[in-house]
Amino acid sequence: MGDQDSKDRENTKGREPGDGIGRRDLLQGLTGLPVLGLFGYAAMKQKRYQEARVAAATEAAPVPADLAEINVALLGAGEQGDALMNAMMKIPGLRFRAVCDIWAEYNLQRAVNRLRRYNFEVNGYEDYREMLDREKELDAVIIATPDFWHAPHTIDCLRAGKHVYCEKEMSNTLEGARSMVLAARETGKLLQIGHQRRSNPRYLHCYEKLLREGKLLGRIVTVQGQWNRAVKPDIGWPRRYAMPEERLKKYGYQSMEQFRNWRWYKGLGGGPIVDLGSHQIDIFNWFLDAMPSHVIGSGGTDYYDPATHEWYDTVMAIYEYRTAEGIARAFYKTQTSNGSQGYFETFMGDQGTLVLSESEATYSGSIYREISAPAWDEWVRKGYIAAPKLQEVQEETGAALDVRETVSPDEHRIPIRLTDPYHTPHLRNFFDAVRGTAQLNCPAEIGYETAVTVLKVNEAVEANQRLAFTPEEFKI
Amino acid sequence: METQKINQWQMISLALLRVLIGWHFLYEGLAKLLQANWSAASFLLQSRGPLADFFRRLAGSPELLSWVNLLNIWGLILIGLGLVLGSFTRTAGVSGLLLILLYYMCNPPFVGYFYTLPSEGNYLVVNKNLVEAAALLAIVALNGGRYYGMDHILHKLLRRPSLRKKAEA
């Protein structure tokens, strides 16, 4: 220390003798302050720039002056509720009034804080019945609770006179799903099920323009879908925010562990075939314009510990469809190992193949023309599909094309991208329907058909045999 | 320690180095703080080298990971503030040095290791982390906060009289 002092004294010019702090000392000592000011200025500019960029990219359509405000509540503020809340931020004319989540210490607090930051006067509730009793002005409730709560939540909200957007899977039981359809009919209120690809502009484009109008694939013969998901640890929770056991039991959970990982438990969720497969198998029914006639399934808890993962982490299912054009077979796979090649659906017809995915990052959409099919130039000119990718010039490699191989088809990109969060169009469709300016893209009846189609896979795996569907099964 | 002269230019360059590193730390922390859902998980998960198991274990436990994220963000911000202002420079410098060495050891640029997360340029054993760590070492060793920094004043205020007498003797 002593050395430092003398060094300091010797090396600082203009210092007053003695130990007092002089003007020069102060100036020297506070040099960092203007730098900090400069930093603050730069950081603020950077923040504004980023905000402006986000705002520009996600600019909502101008709000019509006569747009009626819709009073909205969020029931279930977990991971999915959070995603839906994000997706709703860009929809004009919504007023959040209430949030309900049994995990008051964490989920509820987080959602309420967030909405208040956006200047919504929201009330938080642990019990949804109390919310329905008190919040008389609500027009619509967005439900993102675990599957086994969907039926009671939806039915009570509908009976309280609210329109409902309910996350898929509609219910973990067919009885539950059926009672939801009936409640929607009884009350005359809207019930949209959260199969959000039904409102995705790319999927709508492929269905309406490419399959129905252009019939680009010819007759669809086989379909394939997959969701490759990587292994990951069970979902945890900050210990200091654990719920008391009494409340967990009241709402049907054995433990915090089960509450956080409900998707893996029988009686609460339906496992990956329902969580992931349901989205894509719904597209099979939609694009084939048919319900399946049979399904076979193979699956099991092959990777995880079956004690905490009651539902199958790996499932492969094959459906048989009797479409208007003939038989089609559809294979679906969901598995737990690594996430390469992600998730997408493939439709193969005698004139072409359509590969599309909700993911904007990978496989966002391509259509391949079988070389013998009629030319697609007309559709390129109309902007339905992009011009074909140029083929690479064949090099003289000396390798002979095997006689059994066919020349590879032309690849055209599907020129439709979604820049909003994935759930925004489906939610917008719901709110438009509430205002009476649109029809629901996935009303309860369609959600029910998908539930019948998907829940049967778990049944087939358990029974270890091929199961048949009757056409009546899909109707209520 | 031998008493050496340090001239104005040396003082200024040392202060400049300190302030720039502080700015870098401060913004790294702030950017993570402002980015919702920022997590060190993917950085930790791609760890290579002798401490890979340790870093991967941090990423594997949600409880530990939330602490790591919190400590990292606020560590960066506080170290940044300390360095920019030149206050408690040695503490900030040593903490910064240790933090950077942790980053370095998490993803060391050793021969035959390949990473997919952001790195610009090509490195052989020495990367920018290591250079910044060495620069911090210099600041700590030369007590950089005393030149154009708050420590210049703090030092005078906090200095104990007994030590002062000894120095004067």
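1. Two residues count as in contact if their C-beta atoms, placed from the backbone, lie within 7 Å. On that basis V99(A) touches A73(A), L74(A), A77(A), L108(A), A111(A), V112(A), L115(A), V122(A) and G124(A). Residues up to four places away in sequence are left out of that list. Note that this is a predicted model.

2. V99(A) belongs to the largest nonpolar core, which has 108 residues. V99(A) is among the residues with the most contacts inside this core, along with A73(A), V141(A), I142(A) and M180(A). A73(A) also appears in the contact list of V99(A). The largest share of the core comes from helix α15 of chain A, residues 444-463, with ten residues. In soluble globular proteins, nonpolar side chains tend to be buried together.

3. Apart from the largest core lies another one, of 22 residues. Residues of both chains take part: V35(A) is among its members, as are I73(B), L85(B) and Y147(B).

4. Helix α15(A) deserves its own point. Of its 20 residues, 16 are buried, so the helix is mostly covered. The length checks out. At 1.5 Å a residue, α15(A) should span 28 Å, and its end C-alpha atoms are 28 Å apart, which agrees. N464(A) follows the helix. The phi of N464(A) is positive, near 55 degrees.

5. Next, the strands of chain A. Strand β10 (residues 326-337) pairs with strand β7 (residues 220-230) in the parallel sense, over nine bridges. A230(A) has S337(A) in β10(A) as its bridge partner.

6. β10(A) has a second pairing, with strand β9 (residues 314-323) of chain A. Here the sense is antiparallel, again over nine bridges. M316(A) stands opposite K333(A) of β10(A). β9(A) and β10(A) form a hairpin, with two residues between them.

7. In chain B, look at F55(B). This residue is found in helix α3, residues 52-60. Is F55(B) buried or exposed? It has 22 other C-beta atoms within 10 Å, and the cut-off is 20 or more, so F55(B) is buried. F55(B) touches L44(B), S47(B) and C106(B), not counting residues up to four places away in sequence. N107(B) lies 52 residues from F55(B) along the chain, yet the C-alpha atoms of the two are separated by 9.7 Å.

Notes: Residues are numbered from 1 along each chain as its sequence is written. Chains are lettered from A and ligands numbered from 1 in the order in which they are written. This is a predicted model: local features need pLDDT of at least 70, side-chain atom pairs count only at pLDDT 80 or more; totals for chains, interfaces and linings use all residues. A nonpolar core is a set of buried Ala, Val, Leu, Ile, Met, Phe, Trp, Tyr and Cys residues joined through C-beta atoms within 7 Å. A residue is buried if 20 or more other C-beta atoms lie within 10 Å of its own, exposed if 12 or fewer, and partly exposed in between; C-beta atoms are placed from the backbone. Helices (H or I, at least four residues) and strands (E, at least two) are DSSP runs, numbered from the N terminus. Two strands pair if DSSP finds at least two bridges between them. The expected span of a helix is 1.5 Å times one less than its number of residues.
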